[in-house]
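Take a walk through this model with the rings and the strands as guides. Keep the sequence and the 3D view side by side.

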Amino acid sequence: MTATLDQFVDEWQRWHAERNDGLRQPLGWLSLTALHWLDETPTSFDEAPGRWHVDGDSVIHELDGETTTYEPVEGAPGLEAEFDRGSVEIIKRTGRFGIRIHDRTAPALASFTGVPAYEPDPSWVLAGRFEAFDEQQIVTTGAVVDGLEHHHPAAGVIRFGYDGADHELVAFGEDGGPLRILFTDATSGVTTYPAARILQVDTPAADGTVTLDFTRAANLPCAFTDAATCPIAPPQNRLPFAVEAGERTPRAGESS
């Protein structure tokens, strides 16, 4: 049993180290310092060179007498324009166009020492069963930015038991592939980020069996920066018990 526990902890620590390494990337989420929404008026911003405005379904950037046109896709990762200290990411969200500033000299990146997390406890690795919808559904959620929406392809639900009760979570993804779950629980807004955490789930077995490893419940980018536009958990995925596993909130003031 000790050897098995040691192996579990070692694997979790490798996962945790990889998470931290990913966040340390010079133009990753910790470098995100600002979000500006655009309209038809050419506007300059202190953090981004040139002037920016919207023209129909395009974002226009004017710099040093040259004009560049960008056509970001709704909900997709943004298009990038480089500048001295980093990059400008051009995005489209719920029909609105904006730019996000990634600065490799961002204070959050410089001060990052790792994501706080609960100690890995194998009792938080739970067995579940996936039940596919007859047809893929689209689940709409709100976002951490007022007025935005996210539309998630949902493959089905995962049912599992905890503390003598049955629970159900809507799983995003496609039937026959890996799944992901956005959820909150009784720790949300207390010791974990309030809007949601994300749990990646491997492709279900042929009989629908899945493993829910809550020790790997991870923060979304919005837990680290106010310039992210992350979704919130759907109402169906708000667990009534405290999941004291996985990543904790990384910012002071988000927990008590």
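## Rings, charges and a sheet

Start with an arginine and a tyrosine. R248 lies over the face of Y118, 4.6 Å from the ring centre. Keep in mind that this is a predicted model.

A second arginine does something similar. The charged end of R96 sits over the ring of W37, at 4.2 Å from its centre. The cut-off for such a placement is 6 Å between CZ of Arg and the ring centre, along with a limit of 35 degrees from the ring normal.

Stay with W37 and turn to the backbone. W37 has G98 as its bridge partner in strand 8. Strand 8 covers residues 96-103, and 5 bridges join it to strand 1. The two strands run antiparallel.

Now widen the view to the sheet. It is open, has 4 strands, and follows the order 1-8-7-6 with antiparallel pairing. Which strands form its edges? They are strand 1 (32-37) and strand 6 (79-83), since each pairs on one side only. On average, neighbouring strands of this sheet are turned by 25° against each other, direction ignored. Strands of a sheet pair through backbone hydrogen bonds, either parallel or antiparallel.

Next come the rings that pair with other rings. The structure holds 8 aromatic pairs. One of them joins W124 and Y162. Their ring centres are 5.1 Å apart and their planes are at 20°, so the pair counts as stacked. The cut-off for stacking is planes under 30 degrees apart. W124 lies in the loop between helix 2 (107-110) and strand 9 (125-142), whereas Y162 belongs to strand 10 (residues 149-162). The pair therefore ties together parts that are 38 residues apart in sequence.

Is each of these two residues buried or partly exposed? W124 is buried, with a relative accessible area of 7%. Y162 is partly exposed, at 25%.

Y162 has another ring partner, F241. Here the centres are 4.3 Å apart and the planes are at 25°, so this pair is stacked as well. F241 sits in the segment after strand 15 (218-219), while Y162 is in strand 10. This contact therefore ties together parts that are 79 residues apart in sequence. F241 is buried, with a relative accessible area of 11%.

Finally, put these rings in context. W124, Y162 and F241 belong to one aromatic cluster, together with F160, F183 and F214.

How values were computed:
Residues numbered from 1 in each chain as written. Predicted model: local features only at pLDDT ≥ 70, side-chain atom pairs only at ≥ 80, totals over all residues. Heavy atoms only, no water. Phe/Tyr/Trp six-rings, centres within 6.5 Å; stacked < 30°, edge-to-face > 60°. Buried < 20%, exposed > 50% of the residue type's maximum accessible area, 1.4 Å probe, protein only. Pairing = 2+ DSSP bridges. Axes fitted to C-alpha atoms, helices over the stretch in contact; angles between N-to-C directions.
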